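Q: I'd like a close look at a single part of this one, with the helix packing spelled out. Take your time and walk me through the surroundings too.

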Number of protein chains: 2
Amino acid sequence: MAVKLVVIKEEILKDNNEMSAMLRNKFKKNKTLVMNLMSSPGAGKTSVILETLGRLGGEIKSAVIEGDITSTVDAEKLDDVGVPTLQINTGGSCHIDSAMIEQAIVDFDLDPYDYIIVENVGNLVCPAEFEVGEDIRVMILSVPEGHDKPKKYPLMFTETEACLLNKIDLLPYTDFDMDEFKDTVKSLNPNTTIFPVSMKTKEGIDEWIKWIRGKIEDKMGG
Amino acid sequence: MAVKLVVIKEEILKDNNEMSAMLRNKFKKNKTLVMNLMSSPGAGKTSVILETLGRLGGEIKSAVIEGDITSTVDAEKLDDVGVPTLQINTGGSCHIDSAMIEQAIVDFDLDPYDYIIVENVGNLVCPAEFEVGEDIRVMILSVPEGHDKPKKYPLMFTETEACLLNKIDLLPYTDFDMDEFKDTVKSLNPNTTIFPVSMKTKEGIDEWIKWIRGKIEDKMGG
């Protein structure tokens, strides 16, 4: 059984990568930066999206593709503040794949958009294996999850090029070891950038916005 | 592709359920209560295990089957305090299945044990689909993850018979709505028991210990 499972998984990942390359080509024509945003449930994906789009302002046209197993809780929050949002319900699947993205955008005019965020299903494991046509992959860890998570769930940290460490306002109430966290992340992935942030106190957000704005403008120019 | 994936998944789940029934029979002969403990990364599975086994004391003989994708971080913590621990490394898989348990216990004498905890991989989605021969399924949500999680990840809440709400010491620093949380959980699963606890301040732990001790003693007697 184990062998069969591995073969099927390889086939699925291969099919997914092909579809992802097709999507990437499509996004490239539109000079749209696509960001795959991943984290555990409750680390703050939707809060980060709301804050980021608010700060980028109206000059950068943005939309969100929202992935949830079953609900529309997050899409409603985004819709409330006027963010164009496409909802994917994965029907039990623990990650978004490229076929889901392809279906979501089939009747959607990409042309006006400079920046599309794919909010993945809350899961620190599986989404890291599935490309969704993105240009960049960003992850969030939140302070209460603990500084040992990079050791225990390394793939998410090696497969992303930025890591937002959210909820730093909770640092005084936890035993989170910032130095150990940073050392472990950097040893796994020397090229990643770590942004300690709090969506509550707004600490650290400027640095993140500067970084992501640069990525979006590079894509718009290229 | 989607159809193939569904068929394969059904086969895998069917194979897994058969193996799980076999394991359950084996555990029954030994009058060992097996508990499958599930949560997101960092919700507090290992802390709950350490606290629970410490409070149950030496009269109840306990062991832990520790599931991690790659590391032995948690097994080392348990080993440090003398808890017999079997390590499963899932090699990338985001959940434990029954075949992994079967392999883990092949050379392990179950006879002396009254209580075995299976610490699943940190993931609020996939582990809920895979039985591992357990008698009871228990989940942990932690306060910083947010009160909306039952709505967004309902399967974990419907598939478990107790929910520990951990890190209640962080309630003053978050916007967690306890009433909404309890209402949503109870509407999904009226038979579950919710235990608000803090492994840090030790609040609420007595009620949980009373409940789990009852389950273990029922099994020992039966």
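When H2(A) passes H3(A), is the crossing left-handed or right-handed?

A: H2(A) passes H3(A) in a right-handed crossing (the near helix is turned clockwise from the far one by less than a right angle; anticlockwise would be left-handed). Before going further, keep in mind that this is a predicted model, where local features need pLDDT of at least 70 and side-chain atom pairs count only at pLDDT 80 or more, while totals for chains, interfaces and linings use all residues; side-chain values use heavy atoms, without hydrogens or water. Residues are numbered from 1 along each chain as its sequence is written, with chains lettered from A and ligands numbered from 1 in the order in which they are written.

Back to that pair. The axes of H2(A) and helix H3 (residues 73-80) of chain A come within 11 Å and cross at roughly 15 degrees (axes are lines fitted to C-alpha atoms, for helices over the stretch in contact, with angles from 0 to 180 degrees between N-to-C directions; helices are DSSP runs of H or I, at least four residues, numbered from the N terminus). H2(A) and H3(A) are therefore roughly parallel (under 35 degrees; over 145 is roughly antiparallel, 65 to 115 roughly perpendicular and the rest oblique). On the H2(A) side, A:Thr46, A:Ile49 and A:Leu50 make the contact, and H3(A) brings A:Asp74, A:Lys77 and A:Leu78 (contact means heavy atoms within 4.5 Å). By class, that contact has three nonpolar, one polar and two charged residues (Ala, Val, Leu, Ile, Met, Phe, Trp, Tyr, Cys and Pro are nonpolar, Asp, Glu, Lys and Arg charged, and the others, Gly among them, polar).

H2(A) has another partner, helix H8 (residues 205-221) of chain A: their axes come within 10 Å and cross at roughly 70 degrees. H2(A) and H8(A) are therefore roughly perpendicular, and their crossing is right-handed. From H2(A) come A:Val48, A:Glu51, A:Thr52, A:Arg55 and A:Leu56; they meet A:Ile205, A:Asp206, A:Trp208, A:Ile209, A:Ile212, A:Arg213 and A:Ile216 of H8(A). That contact divides into seven nonpolar, one polar and four charged residues.

Two of those H2(A) residues also pair up: A:Arg55 forms a salt bridge with A:Glu51, the closest N and O atoms being 2.9 Å apart (a side-chain nitrogen of Lys or Arg within 4 Å of a carboxyl oxygen of Asp or Glu). Both lie in helix H2 (residues 45-56) of chain A, four residues apart, about one turn of the helix. Over all chains, the count comes to 30 salt bridges.

What about the other copy? In chain B, the axes of H2(B) and H8(B) come within 10 Å and cross at roughly 70 degrees, which makes the two roughly perpendicular. Chain A can be laid on chain B with an RMSD of 0.0 Å by a turn of 180 degrees and a shift of 0.0 Å along the axis (a least-squares superposition on C-alpha atoms of residues with pLDDT of at least 70 in both). That is the relation of a two-fold axis.
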